[in-house]
Amino acid sequence: MHHLILALTVSPSPDPTGTLRPGLSEDQVTPGTWGFVLTAFIVILTTFLIVDMVRRIRRVRYRAQVEEARLAAEAEGADTADGNGDAASGTR
């Protein structure tokens, strides 16, 4: 176990400037400009999708609340009409 801790604490390369394997350049191991553009596009697209989803969920929730209020008003109106015999028969 002690050897593992020592191996993890020792820097793998004594020369900090020569960290790339011979034959590789910086452009071959980094995402570069296209990687940044693609990542930014995915982040922006995901943000728009989340905003749209929240808006649609809110719209469905509001419609359900309006429907519940309408049904409650109809039920209340039906109870009032049943309570008054003249209103239920439609004659005055």
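These legends walk through a few views of a predicted model.

In this predicted model, local features are kept at pLDDT of at least 70 and side-chain atom pairs at pLDDT 80 or more, while totals for chains, interfaces and linings use all residues. Residues are numbered from 1 along each chain as its sequence is written, and side-chain values use heavy atoms, with hydrogens and water left out.

**View 1. The whole protein is built from four helices and zero strands.** Read from the N terminus, the elements go α-α-α-α. Helices here are DSSP runs of H or I with at least four residues, strands are E runs of at least two, and both are numbered from the N terminus. Of the 92 residues, just 1% count as buried (buried is under 20% relative accessible area, exposed is over 50%, partly exposed is in between, with a 1.4 Å probe and protein chains only). About 8700 Å² is exposed, with 65% of that supplied by carbon and sulfur atoms; the areas come from the Shrake-Rupley method with a 1.4 Å probe, and for residues only the protein chains shown count as cover.

**View 2. Confidence peaks in helix α3 and bottoms out in helix α4 among the elements.** pLDDT is the predictor's confidence in each residue, from 0 to 100. The protein averages 80, and 72% of its residues reach 70 or more. Helix α3 has a mean of 92, whereas helix α4 (residues 85-89) sits at 52. Where pLDDT is low, the predicted coordinates should not be read in detail.

**View 3. L38, F41, I42, L45 and L49 make a nonpolar surface patch of about 510 Å².** To join a patch, a residue needs over 30% relative accessible area and no salt bridge; like charges are joined within 9 Å, and nonpolar side chains (Val, Leu, Ile, Met, Phe, Trp, Tyr) within 5 Å. One of the patch members, L49, belongs to helix α3 (residues 32-83). With a relative accessible area of 54%, L49 counts as exposed.

**View 4. D52 pairs with R55 and also with R56.** A salt bridge here means a side-chain nitrogen of Lys or Arg within 4 Å of a carboxyl oxygen of Asp or Glu. For R55 and D52, the closest N and O atoms are 2.6 Å apart; these two are three residues apart in helix α3, so about one helical turn separates them. The D52 and R56 pair has its closest N and O atoms at 2.9 Å, and because they are four residues apart in helix α3, they too are separated by about one helical turn. Both arginines are partly exposed, R55 at 43% relative accessible area and R56 at 48%.

**View 5. R70 reaches E67 in another of the four salt bridges in the structure.** The closest N and O atoms of this pair are 2.4 Å apart. R70 is partly exposed at 39% relative accessible area, and E67 is partly exposed at 34%. R70 and E67 are three residues apart in helix α3, so about one helical turn lies between them. Back in the previous view, shared partners link D52, R55 and R56 into one salt-bridge network.
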